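Thanks, everyone. Please pull up the sequence and the structure, and we'll go through them together.

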Amino acid sequence: MLDNRYALLFVRGERLVMDLKYDILKHPNVKLTADGGKPPYIHGEPTQAVATLVFDDALLMNAESMETVSTSYELLSDEDLEEIRTNHPMKLFKKNEKKATQKLPMGRKARKAFVVYAALVLCMVFGTTTAFAASDPIAVVNNLSNFIFGLIRAVGMIMLGFGMVQVGLSLKSHDPSQRANGFLTLAGGVVITFAKEILTLITG
């Protein structure tokens, strides 16, 4: 049996320690504890607070009222976030549908250049289209098909030009939404411009 005067100390990874027990009532600072007659220590209690706030009636009477500022956010607790994450996970990534879309800031020079470009495209399409008077119905259908596809190609080239203008202006103004719209317009213009070639490739 171990002598009652000794105590064993177990520390993980270290050798066992055996030493004499220490009587805490003989500690020099025992007078600062509840065993020494002091009130018990309360964790988290402000013991060194030196500032106090005093409000007199005159200050409250002369205070100015502030208007309520409307906000677009909602303060959620941890429980609310956990409920939304569990039951409605897509609400955390809900897109702001009320976001205002700014108008494309196209200047006068850019607008004139785009109009001239569109006019040149139309002149190239309609100026180079040759109309043949054919008695064969198949030739007439082919001529009409070429005219329609030429018109579609003109619309696609105009969309390509407009998409380039959008991308350029978005890079200048650092607007990611305009940049995305510009690239979408460019992609649509490419598809429309080469619609005949795409259909030919698909149908063989």
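Let me start with contacts along the chain. Take the contacts in the protein with a separation of 6 or more: residues 24 or more positions apart account for 48% of them. Keep in mind that this is a predicted model.

Now the overall inventory. The protein has 6 helices and 2 strands. Read along the sequence, the pattern is β-β-α-α-α-α-α-α. There are 204 residues, and 13% of them count as buried. The exposed surface of the protein is about 18400 Å². Carbon and sulfur atoms supply 63% of that area.

Next, helix packing. Two pairs today, and α6 is in both.

Pair one is α4 with α6. Helix α4 covers residues 137-173, and helix α6 covers residues 195-203. They pack at an angle of about 120°, and their axes are 9 Å apart. How do we class that angle, given that roughly perpendicular runs from 65 to 115 degrees and roughly antiparallel starts over 145? At about 120°, α4 and α6 are therefore oblique to each other. Who makes the contact? On the α4 side, Asn 146, Phe 149, Ile 152 and Arg 153. On the α6 side, Ala 195, Lys 196, Glu 197 and Leu 199. By class, that contact has 4 nonpolar, 1 polar and 3 charged residues.

Pair two is α5 with α6. Here the angle is about 65°, with the axes 4 Å apart. Helix α5 contributes Val 191, Ile 192 and Thr 193. Helix α6 contributes Ala 195, Glu 197 and Ile 198. The residues of this contact divide into 4 nonpolar, 1 polar and 1 charged.

So much for pairs. Three single residues now.

First, Thr 193. Thr 193 lies in helix α5, and we just met it in the contact with α6. Is Thr 193 buried or exposed? Its relative accessible area is 7%. The cut-off for buried is under 20%, so Thr 193 is buried. What does Thr 193 touch, if we skip residues up to four places away in sequence? Arg 153, Gly 156, Met 157 and Leu 160. One of these, Met 157, also gives a polar contact: its backbone nitrogen lies 3.3 Å from a polar atom of the Thr 193 side chain. Arg 153 is worth marking too, as it belongs to the α4 side of the contact with α6.

Second, Thr 185. This residue is found in helix α5, residues 176-193. Thr 185 is buried, because its relative accessible area of 16% falls under the 20% cut-off. Where does its side chain reach? To the backbone oxygen of Asn 181, at 2.8 Å. Leaving out residues up to four places away in sequence, Thr 185 touches Met 159, Phe 162, Gly 163 and Gln 166.

Third, over to helix α4, the place of Val 167. Val 167 counts as buried, at 12% relative accessibility. Which residues are in contact with Val 167, once its neighbours within four places in sequence are left aside? Arg 179, Gly 182, Phe 183 and Leu 186. Asn 181 comes back here as well. Its C-alpha atom is separated from that of Val 167 by 8.0 Å, and the two residues are 14 apart along the chain.

To recap the packing: α4 with α6 at about 120°, and α5 with α6 at about 65°. And the three residues, Thr 193, Thr 185 and Val 167, are buried. That's my slot.

Key. Residues are numbered from 1 along each chain as its sequence is written. This is a predicted model: local features need pLDDT of at least 70, side-chain atom pairs count only at pLDDT 80 or more; totals for chains, interfaces and linings use all residues. Side-chain values use heavy atoms; hydrogens and water are left out. Buried means under 20% relative accessible area, exposed over 50%, partly exposed in between (1.4 Å probe, protein chains only). A polar contact is a pair of N or O atoms within 3.5 Å; within protein, one must be able to donate a hydrogen and the other to accept it, and residues adjacent in sequence count only if both atoms are side-chain atoms. Contact means heavy atoms within 4.5 Å. Axes are lines fitted to C-alpha atoms, for helices over the stretch in contact, and angles run from 0 to 180 degrees between N-to-C directions. Angles under 35 degrees count as roughly parallel, over 145 as roughly antiparallel, 65 to 115 as roughly perpendicular and the rest as oblique. Ala, Val, Leu, Ile, Met, Phe, Trp, Tyr, Cys and Pro count as nonpolar, Asp, Glu, Lys and Arg as charged, and the others, Gly among them, as polar. Accessible areas come from the Shrake-Rupley method with a 1.4 Å probe; for residues, only the protein chains shown count as cover.
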